[in-house]
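Colleague: Could you take me through one part of this model in detail? I would like a close look at the place where the two chains meet.

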Amino acid sequence: MIRLAVISGKGGTGKTMVAAALADIGGVPQVLADCDVDAANLALLLDPRRLTTEEFRGLEVGRIDHDLCSDCGICADRCRFGAIVHRDDAWVVDTLHCEGCGVCAYVCPMGAIEMVPHVCGEIYTSETDLGNLAHARLFPGSGNSGLLVVEVKKRAVALSEGADLMLADGPPGIGCPLIATVSGMNAVLIVTEPGIAALHDLERLVTVCRRFEVQIFVVINRFDLADDICRDIEEFCAKEDLTLAGKIPFDPVVVEAVRAGEPVTRRESRATDALHGIRDRLYSDLGLI
Amino acid sequence: MKIAIASGKGGTGKSTVAANLAWVLARSRDIVLVDCDVEEPNLHLYFPAEETDVPVTALVPEIDFERCNFCGECGKFCRFGALAVVKDTVLTFPYLCHSCGGCALVCPRGAIKEVPRTIGKVSCSRPLPRLVLITGVLNEGEVLAPSVIKAAKMFAEGHPLIMYDASPGIACPVIDTLEGSDYCLLVTESTPFGLHDLRLAAGVAEELGIPAGVVINRSDGKDEETVAFCREHDLPILATIPFSREIASIQNRGGLIARDLPGWEERFAALSDAILEVGP
Amino acid sequence: MIICITARAGGMDAQAEQRFARAPYFTFVNTETGASESIENPLIDASGGVGPRAVQMLSDRGVTVVITGHVGGNAARALAAGGFKAFAYPGSGSVADALAAYNAGNLQPISLA
């Protein structure tokens, strides 16, 4: 199975739109994974039917047993994350800040603190007309989105029987969740746009991707909004030896399709034509067609 | 007053709204703009100026092999796998370390010292007479974004007017950015994606007890659902910025519409007035 | 010599597992006595850094040879430092099959560099 992640560095460049379009017109048996667990949007375009829902337990967090606590405050002194706070006359663990290191439990002279699993999201599997989908929801303020990405990918593998392709919609950024997404992929498709911010982010993203053995493809979305910066991106791709899989014009039909909750490729448009070209180039380079 | 600019979804125009607001505010008062999107900081692109860099470090363990007897306690304690005692050596994996200090605490031989390791930097500049820009930058491949965010925020501490530009999403870096803010400006776009993620971001602001308002960006005039959501949740819509090729073209090239497009300075001034009114 | 084989479940008949540090079970085989023992992997749900932690655990148990599928970068560094030898069993057979393939000299060493 070929594993392909659609990523972007900068947010809002059209990653999910491209991922949904490829899923729609790919024409190969596939399993889908929404690895953007902070803001999971792929499902909005795929009309999923839920198969399973599981709790996601991230890191363990400290829990203070107030019957044993002597109120000494040593745990709060030792906690480097400011996660132990005095609230309503008692020491409590603020789970938004707890990193789960276990120092509080170690230093507590009363043995009043234990580390307990903390539910910080949900993991879903669904079926869609385009293939099975693994996705998730991170509860606001929870850490460990990287680990949740790992779990989503694991579910996708479990759902992948008969699939030739795992297509993942990745998170923005270059941090932990992005690294968790790219790890183990065969290829990444970077969706960028002609703007100085997106170009800046593209450069940083490529640095990170180079650490993994992944083939890197680039798509320039809304390329006609700033021709000069589009040329800068093309030059960057040439210099870095990145394969430019295609360019998508600005097209109001894209927003219309998103509003209707469907992949843009269901409509005739210039963007759809471009996406077909990208699919052909990408999938033939990956040996899928 | 501390104002945070956030958006659940990436690419809604959070940074361009922040940059335009900061430019307008700096016309009449001192303002510190802090780029807390440390994975992909972009505000400096709108305000090129000479920067002074200060490294951001995190403490990581260093083993004194004269004292270590390879008992393995540190490796057993570390939940992040940042140390492993195998046979007669101790391996450290600094980029897995969360700097909790636990290893040094549990070592029965006092053989672990914590030493600083650079994970990013904070860049400071003064692009306009009354604007200070502070940018947190996380080094590529590092994971401790919250440490860099806290460092960047610390540099701004004490100034009367501070604006934080958050990263997209709703995970820990966003919480670390929003904390301590007096107001949260949520930038969205009127698509189902934008609305879905606005809902999440508004939830975070509510959970933290921070009053919030909304800017609808790249509007094509079909904002009914977003407007209804805001009305339902008591979120005032402070500004609506239409989609136009002209605006996109200015912003894509690092321009500021408040400065470069007639009529927009007044509109951003009105937005800043509305926000400052909420201030403490 | 103690060999560790990563497995989906306990016992010699369980299917061998391709993942190393996140394998559900570790089965230990003492080649001198022929005795075997399986333990549930306590790190399976740990949040991160499981590679180094798993290696320390195996080191504590006197393991010197690991048979698994894939080894991550951190785990590889720790295995190399501990003087372990690692071998890849790419098949979907049982723990016993993997051990037999190793004994027959049919397994490729995993590069730990």
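Modeller: Happy to; here is a walk through the contact between the chains, followed by a short stop at a helix pair. Please keep in mind that this is a predicted model.

Let's begin with the extent of the contact. Chain A brings 58 residues to it and chain B brings 56 residues. Between them the two chains bury about 4,900 Å², and carbon and sulfur atoms account for 58% of that area. On the side of chain A, the residues that lose the most area to chain B are A:R80, A:R204 and A:R259, which together make up 14% of what that side buries.

Now for the polar side of things. There are 25 residue pairs in polar contact between chain A and chain B, both partners being at pLDDT 80 or more. The salt bridges between the chains number 6. In one salt bridge, the side chain of A:D228 meets that of B:R253, at 2.6 Å from N to O.

As for which helices of chain A take part, α3 (103-107), α5 (176-182), α6 (196-209), α7 (227-240) and α8 (252-260) each supply at least two residues to the side that touches chain B. The largest share is from α6(A), with 7 residues. Sorted by class, that side of chain A holds 28 nonpolar, 17 polar and 13 charged residues.

Finally, the helix pair within chain A. The axes of α1 (residues 15-25) and α9 (residues 270-285) of chain A come within 10 Å and cross at roughly 75°, so α1(A) is roughly perpendicular to α9(A). Among the residues that meet here are A:M17 and A:L22 from α1(A) and A:L275 and A:Y283 from α9(A). By class, this contact has 8 nonpolar, 1 polar and 1 charged residues.

How values were computed: Residues are numbered from 1 along each chain as its sequence is written. Chains are lettered from A and ligands numbered from 1 in the order in which they are written. This is a predicted model: local features need pLDDT of at least 70, side-chain atom pairs count only at pLDDT 80 or more; totals for chains, interfaces and linings use all residues. Side-chain values use heavy atoms; hydrogens and water are left out. Contact means heavy atoms within 4.5 Å. Buried area is the accessible area (1.4 Å probe) that two parts lose on being put together, summed over both. A salt bridge is a side-chain nitrogen of Lys or Arg within 4 Å of a carboxyl oxygen of Asp or Glu. A polar contact is a pair of N or O atoms within 3.5 Å; within protein, one must be able to donate a hydrogen and the other to accept it, and residues adjacent in sequence count only if both atoms are side-chain atoms. Helices (H or I, at least four residues) and strands (E, at least two) are DSSP runs, numbered from the N terminus. Ala, Val, Leu, Ile, Met, Phe, Trp, Tyr, Cys and Pro count as nonpolar, Asp, Glu, Lys and Arg as charged, and the others, Gly among them, as polar. Axes are lines fitted to C-alpha atoms, for helices over the stretch in contact, and angles run from 0 to 180 degrees between N-to-C directions. Angles under 35 degrees count as roughly parallel, over 145 as roughly antiparallel, 65 to 115 as roughly perpendicular and the rest as oblique.
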